[in-house]
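Visitor: Could you walk me through this model and tell me how each label is earned?
Guide: Gladly; here it is.

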Amino acid sequence: MIEMPVVVRQEKGLEGRPIALLVQEASQYASKVYIKVEDKSINAKSIMGMMSLSLSEGEEVTIFTEGEDEEKAAEGIKTFFMTSK
């Protein structure tokens, strides 16, 4: 299992299209991918779950990945959050 803190860098936060893109990114990996904010841990492959987080620019989240490609998954999700789109 990999646990990695990251700060959201999308200028307008994550809503609508950016959430759909994040779910697409997470769904590419065989590993389980979870995003944790405070006490909420959400499956990053669930669009409804991710929409419930309402993430803003500058907010810190923790990425959790577990499975056969967990390192690749963690790096892919980290890159997504760190890239201003």
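Guide: Let us start at Lys36, which touches Ser41, Val61, Thr62 and Phe64, leaving aside residues up to four places away in sequence.

Visitor: What makes these a "touch" for Lys36?
Guide: A contact means heavy atoms within 4.5 Å. Ser41, Val61, Thr62 and Phe64 are the residues that Lys36 touches, not counting residues up to four places away in sequence.

Visitor: And what kind of model and numbering am I looking at?
Guide: This is a predicted model, in which local features need pLDDT of at least 70, side-chain atom pairs count only at pLDDT 80 or more, and totals for chains, interfaces and linings use all residues. Residues are numbered from 1 along each chain as its sequence is written, and side-chain values use heavy atoms, with hydrogens and water left out.

Visitor: Why is Lys36 called partly exposed?
Guide: Buried means under 20% relative accessible area, exposed over 50%, and partly exposed in between (1.4 Å probe, protein chains only). Lys36 has 33% relative accessibility, so Lys36 counts as partly exposed. Its place is in strand E2.

Visitor: How are helices and strands recognised, and how many does the protein have?
Guide: Helices (H or I, at least four residues) and strands (E, at least two) are DSSP runs, numbered from the N terminus. The protein has three helices and four strands, in the order β-α-β-β-α-β-α.

Visitor: What makes the protein as compact as a globular protein of that length?
Guide: The radius of gyration is taken over C-alpha atoms, and the globule rule is 2.2 Å times the number of residues to the power 0.38. For 85 residues the rule gives 12 Å and the protein has 11 Å, which is close, so the protein is as compact as a globular protein of that length.

Visitor: How do you know that E2 pairs with E3 and E4?
Guide: Two strands pair if DSSP finds at least two bridges between them. E2 and E3 have four bridges, while E2 and E4 have five, and both pairings are antiparallel. Val37 has Lys40 as its bridge partner in E3, and Lys32 stands opposite Glu66 in E4.

Visitor: Which strand does E1 join?
Guide: E1 is joined to E4 (residues 60-66) by six bridges, and the two run antiparallel. Met4 stands opposite Ile63 in E4.

Visitor: What makes the side chains of E1 and E2 "alternate"?
Guide: In a regular strand the side chains alternate between the two faces of the sheet. Along E1 (residues 2-7), Ile2, Met4 and Val6 point to one face and are buried, whereas Glu3, Pro5 and Val7 point to the other and are not. Along E2, Val33, Ile35 and Val37 take one face and are buried, whereas Lys32, Tyr34 and Lys36 take the other and are not.

Visitor: Why are Glu38 and Ser54 called exposed?
Guide: Glu38 has 73% relative accessibility, so Glu38 counts as exposed. Ser54 has a relative accessible area of 51%, so Ser54 is exposed too.

Visitor: What is notable about the phi of Glu38 and of Ser54?
Guide: Most residues other than glycine have a negative phi. Glu38 is not a glycine, but has a positive phi of about 55°, in the loop between E2 (32-37) and E3 (40-43). Ser54, also not a glycine, has a positive phi of about 50° and is found in the loop between helix H2 (47-51) and E4.
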